[in-house]
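Reader: I should like to examine how certain descriptive terms are applied in this model. Please set each value against its criterion.

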Amino acid sequence: RETVSETEKVPESVDLASVQAVRKDAANVDLSSSVQFNFVDAYASSVVVQEGYDNSAMVAVDGLLETSWQEGVDGNGEGQYLEVYLDGEHAIKYLVLNLGNWRSSDWFYDNNRPKSLTIQVGEYTTTQEFPDGQIEQCIEFSQPVPASKVRLTINSVYDGRDWQDTCIAEVRAYGE
């Protein structure tokens, strides 16, 4: 099996129309031989301002489960998005997502969590439904997708007990 180095360019011949994306529990995906790509910047369509907490886009790629991007519009955040930028174009085989606020189990259920996301990886787009629960999710692509950025757009949510802010704790991308 060939390993894609972090600097290797993606072949231009990827037929995006034939790519399939499958959601799995990340615990059932072996990433041990995969390369993790670095996100170097992030942008969000909105951010909730909260004294004492950084809820900005960058915290969704800081490697810490206790921080999360939290959208900041009235309502549940449908249509709000998080964009994360890689340090160049890479062939993404897996996206690993920690949806919701993972600071604690209480905070997870107190805040909204994404139920459905439109996920854009480079020029490829898929819509995925997620189960409710503090479970790390993985989107596996049938073939690596060339991308320098990933956008996650909120379509629908699981309602939080106390707050309407929809949260995403972490986004990671891997290649083989």
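Reader: What makes the pairing of Arg-161 with Asp-110 a salt bridge?

Author: The model is predicted, so local features need pLDDT of at least 70, side-chain atom pairs count only at pLDDT 80 or more, and totals for chains, interfaces and linings use all residues. Residues are numbered from 1 along each chain as its sequence is written, and side-chain values use heavy atoms, with hydrogens and water left out. A salt bridge requires a side-chain nitrogen of Lys or Arg within 4 Å of a carboxyl oxygen of Asp or Glu. The closest N and O atoms of Arg-161 and Asp-110 are 2.9 Å apart, so the pair qualifies.

Reader: Why is Asp-110 called buried?

Author: Buried means under 20% relative accessible area, exposed over 50%, and partly exposed in between (1.4 Å probe, protein chains only). Asp-110 has 10% and is therefore buried, whereas Arg-161, at 53%, is exposed.

Reader: How do you know that Asp-106 and Arg-161 form a salt bridge?

Author: Their N to O distance is 3.6 Å, so the criterion is met. Asp-106 lies in helix α1 (residues 105-110) and Arg-161 in the loop between β8 (137-158) and β9 (167-175), so the bridge ties together parts 55 residues apart in sequence. Helices (H or I, at least four residues) and strands (E, at least two) are DSSP runs, numbered from the N terminus.

Reader: Why is Arg-23 called partly exposed?

Author: Its relative accessible area is 28%, so Arg-23 falls in the intermediate class. Its salt-bridge partner Asp-25, with N and O atoms 3.4 Å apart, is likewise partly exposed at 27%.
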